[in-house]
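Reader: I am in my first year and I keep meeting words such as buried, parallel and right-handed. Could you show me, with an example, how such words are justified?

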Amino acid sequence: MHQRVLVFAPIGRDAPATIDLLARAGIAATLCRDYAQLLGDMEAGIDAAFVAEEGLFGQDLDLLAQWVSRQPAWSDLPFVVLTSRHDEPRVTRWRQELVRGLRNVALLERPVQPITLISVMQAALRARLRQHEVRSLLAAREQAAAELESLVAQRTEQLQQVNSQLRNEMAERARIEESLRHAQKLEALGQLTGGVAHDFNNLLMVITAGLDMMERNQDPARRARMLQGMRQAAQRGASLTRQLLAFSRSHALRPETVDLARHLQDMKELLDRSLGGDVQVDIRLKPDLWSVRVDPGELELVLLNLAVNARDAMARGGVITIDGENLPDWQGPNGRGDFVSLCVRDNGAGMSEEVKSHVFEPFFTTKDVGKGSGLGLAQVYGFAQQSGGTTEIQSEQGVGTAITLYLPRSEHDSTHVVALHPDAAAAAPSSTGSVLMVEDDVEVAALVRDMLGDIGYDVIHVSNPDAALGALANARHLDLVFSDIMMPGGKSGIDLARELRQRRPDLPVLLTSGYIERNRDEAVAMGIQVLPKPYGLEELRLAIAAVLEVPH
């Protein structure tokens, strides 16, 4: 790197001698004739300055000090000052001020040996060279920082784009999974249609034929048997309807504590109807089977899918076995813990290794066109994974297939919606009262009015929540409001109960519905009991007794 020294010695021969001496040492030097040129050349850029002290006498040193203070952070220009022979106190003070103003100063006293001058100047130039190296490093760092900042900005933008794309893909995947789940549910409901229609026609046959026979027969014993048969048929129909409504409800996965023994026992009748008479379902559960935390509706769908697949694998019929047992401290997909295994086993055709390796893939099926979508086992696998468990398949051609669900144990006992069922008999309420009945169906209202009258209550009937609030405003004495949940006109029984809680918090409310699943959470949150439809006289009496806390 070529370096340049500025020489300012305007008096005598100090300047030419110094320039000549530096030139012989290989140091380029430039003559500066006055103070203004010194300031200008320093501004233009030099590597060191050789200044004779006499040239600065009488000059405005503040200008020089200001230039020194304005240097960039990397720069500290070296000054070599040749002192004069004046030693008066005034000159000494002036010299001290000069050193403070110039900062990086080397003082040479006369007479100066040539080797001393060259050595000092070479040291100053080496120091300046290091300063330039620092400048280069700082520039490189600033450039690297700028490039890094630009790279970070670009990368951030890329990540934002990727993140946005990922969110869109996740939303699309969730939508597709929900569509697949809905499609599989529709397919499973299609499997139910034949058996359910057959059973409902049988139930209607019992009721309609029984009514015809009662019109033609006056024998009390036979009429009593017919009434009992029709009552049992109606109860079976109500039970089947509740199962279908619970099975077909549509919502996001809502895990809750499920008592497997009770749940499977409740499903057995549904499975028997769906699978046909040539296939039997044998449920074998170990004693004290733990509860699990799953979505009960999805569990029903999974078990129905597995049972239908097992039935299809047994061309000549057979037995489907559902085994359940506790697995303490089992190694699950997310670590060790307590699990419950549910195994659906058949003795059908079995699978080859090739088929078994693809069975959990969506849309993979070995069934004929129109006989299956290939979603069933994919839904089974997804359900197990989302529930914190896993799935395992064992199959051998000619022997059969066993598909096992491993589900995590629930930390709590199973819970149930606050709904009233005819589980016990009790005496009728000890006193009569007045009931405001809200029911939009005229035929149902007429029947329930008679039922309420038979158990000792006066009935005020209105057909919608607005009319009920109007009746309440008439200052009538009421002991109970008994309202259907599902009604036309925009307001439901839940809405009515909410307004009654604000206006008359002391007035008991009993709700009824043919589909309590839809309003389960709201009713439970408000502490309101729900009587499922259809209900009989005894169920209605028990429900009212429970709401009014009548001793029984």
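Author: What follows is a set of questions and answers about a predicted model.

Reader: Why is Thr18 called buried?

Author: A residue counts as buried when its relative accessible area is under 20%. Thr18 has a relative accessibility of 7%, and therefore it counts as buried. Thr18 lies in helix H1, and, leaving aside residues up to four places away in sequence, Thr18 touches Val7, Phe50 and Leu117.

Reader: What makes strand E3 largely enclosed by the rest of the structure?

Author: Strand E3 covers residues 48-52, and five of its five residues are buried, so the strand is largely enclosed by the rest of the structure. In a regular strand the side chains alternate between the two faces of the sheet. In E3, Ala48, Phe50 and Ala52 point one way, Ala49 and Val51 point the other way, and all of these are buried.

Reader: How do you know that E1 and E3 pair, and in which sense do they run?

Author: Pairing requires at least two bridges between the strands. Four bridges join E1 to E3, and the two strands run parallel, with Phe8 having Val51 as its bridge partner in E3. E3 is also joined by four bridges to strand E4 (residues 79-82), again in parallel, and here Ala49 stands opposite Phe79.

Reader: What makes the crossover from E1 to E2 right-handed?

Author: Strand E1 (residues 4-8) and strand E2 (residues 28-31) pair in the parallel sense over four bridges, and the chain passes from E1 through helix H1 (residues 14-24) to E2. With the strands pointing away from the viewer, a path from the first strand over the helix to the second that runs clockwise is called right-handed, and this β-α-β crossover is right-handed. E3, helix H3 (residues 61-69) and E4 likewise make a right-handed β-α-β unit.

Reader: Which strands are the edge strands of the sheet with the order E7-E9-E10-E12-E11, and what makes them so?

Author: This is an open sheet of five strands with mixed pairing. Its edge strands are strand E7 (279-285) and strand E11 (390-396), each of which pairs on one side only. Within the sheet, strand E10 (residues 335-346) and strand E12 (residues 400-408) pair in the antiparallel sense over eight bridges, and Arg345 has Ala402 as its bridge partner in E12.

Reader: Which helix lies across E7, E9, E10 and E12?

Author: That is helix H8 (residues 296-313), which runs at about 40 degrees to E10.

Notes:
Residues numbered from 1 in each chain as written. Predicted model: local features only at pLDDT ≥ 70, side-chain atom pairs only at ≥ 80, totals over all residues. Heavy atoms only, no water. Contact = heavy atoms within 4.5 Å. Axes fitted to C-alpha atoms, helices over the stretch in contact; angles between N-to-C directions. Buried < 20%, exposed > 50% of the residue type's maximum accessible area, 1.4 Å probe, protein only.
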